Each structure stands twice: as C-alpha cells, then as structure tokens.
Amino acid sequence: MSFPWAKSYEPQHPLMKWMDEKLPIPRLIYNATGPGYPVPRNLNYFWNFGVLAGAALVIQIVTGIVLAMHYAANAGVAFDSVEHIMRDVNAGWFIRYAHMNGASMFFIVVYLHIFRGLYYGSYKAPREMVWLLGVVIFLLMMATAFMGYVLPWGQMSFWGAQVITGFFSAIPAVGEPIRVWLLGGFAPDNAALNRFFSLHYLLPFVIAGVVILHIWALHIPGSNNPTGIDVKDEQDTVPFHPYYTAKDGFGLGIFLLVFVALTFFSPNMLGHADNYIPANPLSTPAHIVPEWYFWPFYAILRAFTFNFLWIDAKLWGVIAMFASIALLFFLPWLDSSPVKSSRYRPLNRIFFWVLVADVLLLGVCGKMPAEQPWVILSQIGAAYYFAHFLVILPIISRIERPLPMPNSITEAVLAKHADKSSASATA
Amino acid sequence: MVRPLGFLVGLGFIVALLCAIVTTPLSNEPQAAHAFHKEARHLPLSSDGLFPHWDKAKLQRGLQVYKEVCSACHSLDHVALRDVAELGYTEGQVKTFAKGFQVPSINPDTGEPATRDGLPSDHFPAPYANEVAARAANNNALPPDLSLITKAREDGKDYVYSLLTGFQNPPANLPKELQPATGLHYNPYFANLNLAMAPPLTDGQVTFADGSPNDVKAMASDVTAFLVWTAEPKLVQRMRVGWAAFLFLSIFSILAYLSYRNIWADKEH
C-alpha cells in the first residue's frame, strides 16, 4: 500500500489525532478505500463486481443470522420451520426469499468477477496471490451454498446431500467409511443436517476472513485495469474515494434492482419445485439436479461414463470435477504470456469467448437429464474445458503475437477520447 | 514444470472423455409414456403477473371445494384456520368455521386421547391419523399434503388444474404396459399416466351459495386458485412491497448515476 503518489493521511481534528496515535482505524480506512488508495482511472463496469460480491456476502450474513433465529435444524421439523418462517414470522417470507436468491446473486456477480479476471489477465503477476485467494473463496462459497441448500430439508436438499456426499464413496477402499463418518450415519439424517447447519453458519465468516486477505493482497500491487498496463505515475490514477465509491454506488443500485426483481417478482424461478416436497428417503426424484451455479461442474461429473485405465467412471467424474476447479490454482503459471489484457491478445480473446460458450453449454448439460444429446455435449464440453486451460492456453501464450500496446494508461485514455472527438467532428 | 504436467493431466482427462464418447450409445432408450404425456394447460388467475390481486369470492369457493371434496383424503398441514380471515371472512365467521372441525386433543380429566372443537389458532386437521392409516384407506397410495402443492410441482397451478380436469378413457392405441392397473386411473397430465386418485370432481358436486357455475372445470379452477393462496399466502403483499422497493431503488440508481457522472466530469476515463 505504498505508492509514491498516494496521498497520506493527516488528521486535523485533535480527536482524530488522538485516535490515530492509539488505534489508527481512520488511517486504515483512508488508505484502503479513501484518497490513500490510488486506482487506475480507466476501470470499466466489470470492475464493479468485486464490491458487489462483498455486498452479496454481507446480505447473506445478515439475512442468514435472522433466519437462524427462527429455523430449527432438526430433521423432524426443519421443513415445517421454513414454512413457519414463510407464513408466520413477520416479513419472514422476505428474509427467506432474499437469502435464497441472495445466494444466486452472489454466484452471478462472482462468476462475472472471475471471467473479468480471466479476460483482463488479473491472475497474472504481480496479482497471483489475489487470484489464489479468490479461488479459495470460490471453493468456500460452493461448500457453503451446498450445505445451505440442504437445510430446508426438502426432496432436493436430501437427494442433493445424498449425491454430493456420495462423491466420497468413489474413493477406493476407504471411501464408504469416510462418507459414513462425514454424514454421521449411513444416509443423510439428523446428524448430517445438524453438522451442515453448524458449518453453514461458520463458513461465511471464514469467507469474510479470506475476503480481507484477498483485498489486502490486492492493495499491495493495486488494481489491474482494462489495458493490463501497470500504473506508471499519478496521472494514471484517481483516488478510490470519491471516484470509485461513486461508481460502485451506481453499480450497487443496479445490482439491488436485479436482486429485488428476482426476490419479489419471481423468487422460485431459480429453485426447484421438488424442494417444496418434504425430504423422503424412500422416494427418489425423477431428476436430481443441483442449483444452477453448480450445473457446469455437475455436467463434468456426469460426462465420465467409461472405466478408463482401471479407474472407475464415477471416480473419474469426481476427480475431474474437483480438478476443473483445482486447475484454476495453477492458472497464473499455465499462461506465460507477459501481456495481461486480452485487448492486446488476439488469440486469447477468441479462446476466451469459446470458453465462455463452453461453460454455458456445460451449464445447460448439467441441468438436463442424463440423456442424449446432452451426454455427448457434456463430454465434448468437458474435454474442451480441460483442453482450454491445460493445452490451448499454454500453447497460445507462446505463439501469440500481441497487438501494439499504448505506453501508459493515460495515453490509452486520451487516445480513446481523441478517437471519439475526431469521429464526432467528421460526422 | 507446471505446464508439461498440466499438459499430461489434461491429455488424461481428454482421452478418458473421448473413450466415453465412443462407448456411449447415441440413441436414448425409447420411453413410450412420453408420447402420451400432455403439457399442462394454462389456467389464468387474478394472482398471476406483476400486478396480482386475490379474487376473494373465488378463493372462498375454492375453500368450500377443498372442505367438501379434497379434505376427505388430503391434509393442509401448513395452513391455520385463522388464515382464512384473509379470504374475506369476519372474526366471528372464522370462529364458527373453526368450530366446525374436530381436532385431536387430550381429555383433561383422564389424559386419554380425545377430540375438541377447533379454534382459529388450530391448523386444518389431517384426515388420517398417520401415513399407515392414509395408505390403508387409499389402496396403498399416500395422498400428498396440499398446502404447497402449487409450488411443489413443475408448472404449479397449471398442472393441478390440468390434473383435476384431465381424467379420461385411455386412448385406443395405448400399449398394454401403460394401461391403468386395477385401482389406477388414466390421466395424461400425470407423470406416469396412471394415478391412484379417482376423478375427484363431478359436475354439480358442490353447491355454491353465490350460485356460481359448479361444473368440473369451474370447481377445479376455484380450488386451484385456493391452493395457489395456501402455497403462498403472502404473494400479493410480496408483489406490492416489490414494486415499492423497485421504485425506491430506481430513484436511488438514477441519483447514484448522476453523482457518478458529476464526480467524474473533470476526469477522462
């Protein structure tokens, strides 16, 4: 957090001077989000999603704490207690629907945040640690969301828990004992529901802790920007406050508009009807489907249908699903191109959009039942996913010839405005 | 080091997937039932859309259909008797309505199981004491609780309405294995075409005080509207609050945008 051009905090009021000597919280805030943190002046709207993810986390924690005051984590009454919240608790329906759709909003903004990082090379040096911590947050979010979905103890809660914990039984020899140990029984039941509730309450605070590290690690090199060019001097930057607080304020407004539309106008659109049926271990739903944010990974899991190299197809699927996320940890070293932004990487830009299409295709495949043509499409999609990160990206980062780049952020900004004014002059 | 290892791992996954592609048959197992299954028919209700309201007269008729027909087999666990006040009944009417039910209780003198008159604070009593009793009375089928039925099925209210009005004779070309077995009834809107519930409604079965039509379609429509309400009694309130929040946030966003433009006015970016 030491940029030569960063303004330094100078308390004026005696009280603030006193505070600064004893516990310099105002100094911390000034240096983290105030004029003490200079940010590239050319960030586009895709840079709003980090703050929005933070807002989503806060919304989830606040609504979740209120829900926990009324929810009962007992397999006998959990479903009824959720309906009690929906019907008899003051504004309970609002808190519950906000929490339910808040999870979706959290994943929407985090996915946009991740793909922003992929397109503009935000995972590259010197921001590898920011990216690694981000992947940790993503994994924690997935665990938290999965356990949260089990809590209403509907049919999809129960059978989702059955399928996901079944991953562990794919491990040879020790898999089944591990699964039983994790569940506290032979199938999901009261013991599993209680520990899922306990962990669902714990993990968001772990996420909050890793978010602090994520922001800390970001503030050492400072933010990336759409050109990917490093900040060279003060004129490339603006102080975070008021410039980006104002822009994030507008972004937050749009985020909340979408959130409100989803929560109030169509709260069950992203859910599954079967989860309004109480959990029944004796009746398997026709199609067991996870929540939408897991569909691409679920498609990768199910794509492996062949016992290749003496490894069971199910184990292949589980390994591949975990590998599809774990490989993100190696991304900063898989992509060796010195150029960050795909604006100046003609090949990477093409393959980035192929990856986006591929993940969307996998998402659709994960939603659909395991029938053709979805099986073969998920197999092709999964093969491309691994090829993209492990084969294509390392190769194109070597052979690609980057486009000419501006010398500085300011030059890029001024060139853009010169283009605009000459275009309007000729028009 | 990372790149060559990654390349090998990637190749491993890709070869495993190619083998899976080659060995997976491209055709699905034919499912004869699909050809006979019908899409749910749309039932327009006043509670639809972005500006919904409850048609209270219709909901009252639906409650009557539930009470006189459905409640013989189906429970309504999550709905309290007091909740029907929202359908436009007075406090006195709700009390009288509740008194009409007998709910399980304990004899205060002996501690033996007993029954007493219902109170508004009671929930709708279940028709059967437990699942075993329910199955015993219904040819081993379990009538589902109806509180959430319009949220717990794909296509919700459209499905419920279609099912109630969809009983018919099996088509002539129906394969033998899809023919209804003894005690089952053909209904193309039901997932596997044959269900244990007999056609519950017949024309003129319920007489409405307001003289509204009481053919099967009208009664099915009324009771479906009622079940939309039982599944989501806060629906209308939710939409109203939603519009207020949406309006507030629209103004907030406009002001936030203007202040953003104002603050950035001197900075090219």
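In this predicted model, B:His74 touches B:Tyr66, B:Pro127, B:Pro143, B:Pro144, B:Leu146 and B:Met197, once residues up to four places away in sequence are set aside. The residue itself sits in the loop that runs between α3 (56–68) and α4 (91–99) of chain B, and because its relative accessibility is 12%, under the 20% limit, B:His74 counts as buried.

One of those partners, B:Met197, belongs to the loop between β4 (194–195) and α7 of chain B. Its relative accessible area is 25%, so B:Met197 is classed as partly exposed, whereas B:His74 is buried. Leaving out neighbours within four places in sequence, the contacts of B:Met197 are B:His74, B:Leu163, B:Leu164, B:Phe167 and B:His185.

Both residues also appear in an annotation, since the unreviewed UniProt entry lists B:Cys70, B:Cys73, B:His74 and B:Met197 under "binding site". Although these four residues span 128 residues in sequence, no two of their C-alpha atoms are more than 10.8 Å apart, and they therefore gather at one spot.

A further record from UniProt, again an unreviewed entry, places a "transmembrane region" at residues 241–260 of chain B. In the model this span is 100% helix and 0% strand, and the C-alpha atoms at its two ends lie 28 Å apart.

From here the path leads to the partner chain. Where chain B meets chain A, 58 residues of chain B are in contact with 65 residues of chain A, and the area buried between the two chains is about 5,500 Å², with carbon and sulfur atoms giving 71% of it. On the side of chain B, the residues that lose the most area to chain A are B:Arg3, B:Phe13 and B:Leu17, which together account for 13% of what that side buries.

What polar and charged links cross this interface? The count of salt bridges between chain B and chain A is one, and in it the side chains of A:Asp88 and B:Arg82 meet at 3.7 Å, taken from N to O. In addition, twelve residue pairs are found in polar contact across the interface, with both residues of each pair at pLDDT 80 or more. The elements of chain B that give two or more residues to the side touching chain A are α1 (2–23), α7 (216–231) and α8 (235–263). Sorted by class, that side of chain B has 31 nonpolar, 16 polar and eleven charged residues.

Conventions:
Residues are numbered from 1 along each chain as its sequence is written. Chains are lettered from A and ligands numbered from 1 in the order in which they are written. This is a predicted model: local features need pLDDT of at least 70, side-chain atom pairs count only at pLDDT 80 or more; totals for chains, interfaces and linings use all residues. Side-chain values use heavy atoms; hydrogens and water are left out. UniProt positions are given in the numbering used here, feature names are shortened, and annotations may be inferred rather than shown by experiment. Helices (H or I, at least four residues) and strands (E, at least two) are DSSP runs, numbered from the N terminus. Contact means heavy atoms within 4.5 Å. Buried area is the accessible area (1.4 Å probe) that two parts lose on being put together, summed over both. A salt bridge is a side-chain nitrogen of Lys or Arg within 4 Å of a carboxyl oxygen of Asp or Glu. A polar contact is a pair of N or O atoms within 3.5 Å; within protein, one must be able to donate a hydrogen and the other to accept it, and residues adjacent in sequence count only if both atoms are side-chain atoms. Ala, Val, Leu, Ile, Met, Phe, Trp, Tyr, Cys and Pro count as nonpolar, Asp, Glu, Lys and Arg as charged, and the others, Gly among them, as polar. Buried means under 20% relative accessible area, exposed over 50%, partly exposed in between (1.4 Å probe, protein chains only).
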